[in-house]
Every structure is written in structure tokens, then in C-alpha cells.
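Okay, thanks everyone. Have a look at the screen, and I'll walk you through a few spots I like.

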Amino acid sequence: MNTDIREHIPEDFDDNSKVWIYQSSRLFLMSEAFEMEDMLNNFVATWKSHGDTVKGFANLFFGQFIVLVADETQSGVSGCSTDSSVHLIKDIEKKFNVDLFNRQNLAFIIKDKVQLLPLSQLNYAAENNFIDGDTLYFNNTVLTKKELLEKWIVPVKESWLSKKVGFNQQLHK
């Protein structure tokens, strides 16, 4: 699985552009992805903040992650403009019957596929070798374009999860 998303992220957006990642509870069907593409493009084309046009980007990655990016070098995004993006995501949830706000589901790349694991099962998965320190993890807590490109998909041992499952201790042995 090719995890390099660099070519799909606008180069002309500032490294400090704000990023929001919404992970779906399931893979979107191709027909849903095409329909969603129109929704995302329409949203970005009309995204406003206090009357100013937001330099925005939205795309579906790996069939399961909606990524919104706002370059705030021209106009900041807050309040109503953030609310409008949340409304879009809620509309997508309702239309396609998915959960996009469950932060308790963790996503990993296992056998070249995105696999979801509830946080409550993390230790079990580690103890039974379903995941290890080198398993790629989608760190949906990234906040900027730079972090998206450099820290979104990382080995578990380089993420906040390493402390939860003891992988950081294994690194120092």
C-alpha cells in the first residue's frame, strides 16, 4: 500500500495550514466516494470565514479518511466557518450511514489494508501480535499540513500509542 499522500496535498498551502481528519467507521463504496467528492468540492468552493473566501482543500484518502485543510495565510478559520465544516461532515455521516466522529476507533495498516481497532482492544492486539511497534498507525490528531505530511501515518512505536502498549520500553532494551 502506497502511503505517500504528498502528491495529493496542494503544494501552495502553507505548512501551518489547519488540518481536520475524519475517519470513517467503514470503507466508502466507490459510488459513495464519487458522490462525496462533489460534496467536498462544493463545500471548499463556497467555504467562507467572516465573509472572506477560505483557501481550502478537501479529499477522501484511502477510501476512509476525509481530510480538510484550510490555509489561513489569507483568512482565518474559526467559529461559523468551522461549524460549517462540521455540518458538512455530519451531512456525510447521515447520507452514507457512517460514523465520522468516533475517536475511540484506531486505524492501522495491516496486510496492506486499513483495519480499525477499538481503543479498548489495543492491549489485546499488541499482546497477541496483531500489531507491533512497526505497524503503521493513522495518527488523526495531526493539526497542520506539515504534520499531516510527516506524522499522520507513523509506526506505532513513534506515536502516542507506544506508551499505552509498552512499545517504547521495547525500544530501549
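Let's start with Gln-23. Setting aside neighbours within four places in sequence, Gln-23 is in contact with Gln-64, Phe-65, Asp-99, Leu-100, Asn-105, Leu-106, Ala-107, Leu-116 and Asn-140. Keep in mind that this is a predicted model. Gln-23 sits in strand E1, and at a relative accessible area of 5% it counts as buried. So what does a buried glutamine do with its side chain? Well, the side chain reaches the backbone oxygen of Asn-105 at 3.0 Å. There's also a polar contact of 2.6 Å between the side chains of Gln-23 and Asn-140.

Phe-65, from that contact list, brings us to the aromatics. Searching the whole structure turns up 14 aromatic pairs. One of them is Phe-28 with Phe-96, edge-to-face, 6.0 Å centre to centre and 85 degrees between the planes. Phe-28 is in the loop between E1 and H1, while Phe-96 is in helix H2, so this pair ties together parts that are 68 residues apart in sequence. Both of these rings' residues, Phe-28 and Phe-96, are buried. Then there's Phe-65 with Trp-152, again edge-to-face, at 5.3 Å centre to centre and 90 degrees between the planes. Here Phe-65 belongs to strand E5 and Trp-152 to the loop between helix H4 and strand E9, so the parts being tied together are 87 residues apart in sequence. Phe-65 is buried at 0% relative accessible area, and Trp-152 is buried too, at 1%. Those two join Phe-61, Phe-62 and Phe-138 in one aromatic cluster.

Sticking with E5 for a second: it pairs with E4 in the antiparallel sense over seven bridges, and Leu-60 stands opposite Ile-66. Six of the seven residues of E4 are buried. The hairpin has three residues between the strands, and Phe-62 takes a positive phi there, near 55 degrees.

Last stop, helix H2. Its 17 residues, at 1.5 Å a residue, should span 24 Å, and the end C-alpha atoms are 24 Å apart, which agrees. Which residues of H2 are buried? They're Ser-81, Ser-85, Leu-88, Ile-89, Ile-92, Glu-93 and Phe-96. They cover an arc of only 140 degrees around the axis, so they're on the same side of H2. As a reminder, an α-helix has 3.6 residues a turn, so residues three or four places apart point the same way. On the other side of H2, Cys-80, His-87 and Lys-94 are exposed. The cover over the buried residues includes E1, H1, E2 and E5. Right after H2 comes Asn-97, with a positive phi near 55 degrees.

How values were computed
Residues are numbered from 1 along each chain as its sequence is written. This is a predicted model: local features need pLDDT of at least 70, side-chain atom pairs count only at pLDDT 80 or more; totals for chains, interfaces and linings use all residues. Side-chain values use heavy atoms; hydrogens and water are left out. Helices (H or I, at least four residues) and strands (E, at least two) are DSSP runs, numbered from the N terminus. The expected span of a helix is 1.5 Å times one less than its number of residues. Buried means under 20% relative accessible area, exposed over 50%, partly exposed in between (1.4 Å probe, protein chains only). The arc is that of the directions from the helix axis to the C-beta atoms. Contact means heavy atoms within 4.5 Å. Two strands pair if DSSP finds at least two bridges between them. A polar contact is a pair of N or O atoms within 3.5 Å; within protein, one must be able to donate a hydrogen and the other to accept it, and residues adjacent in sequence count only if both atoms are side-chain atoms. Rings of Phe, Tyr and Trp (its six-membered ring) pair if their centres lie within 6.5 Å; planes under 30 degrees apart count as stacked, over 60 as edge-to-face and the rest as tilted.
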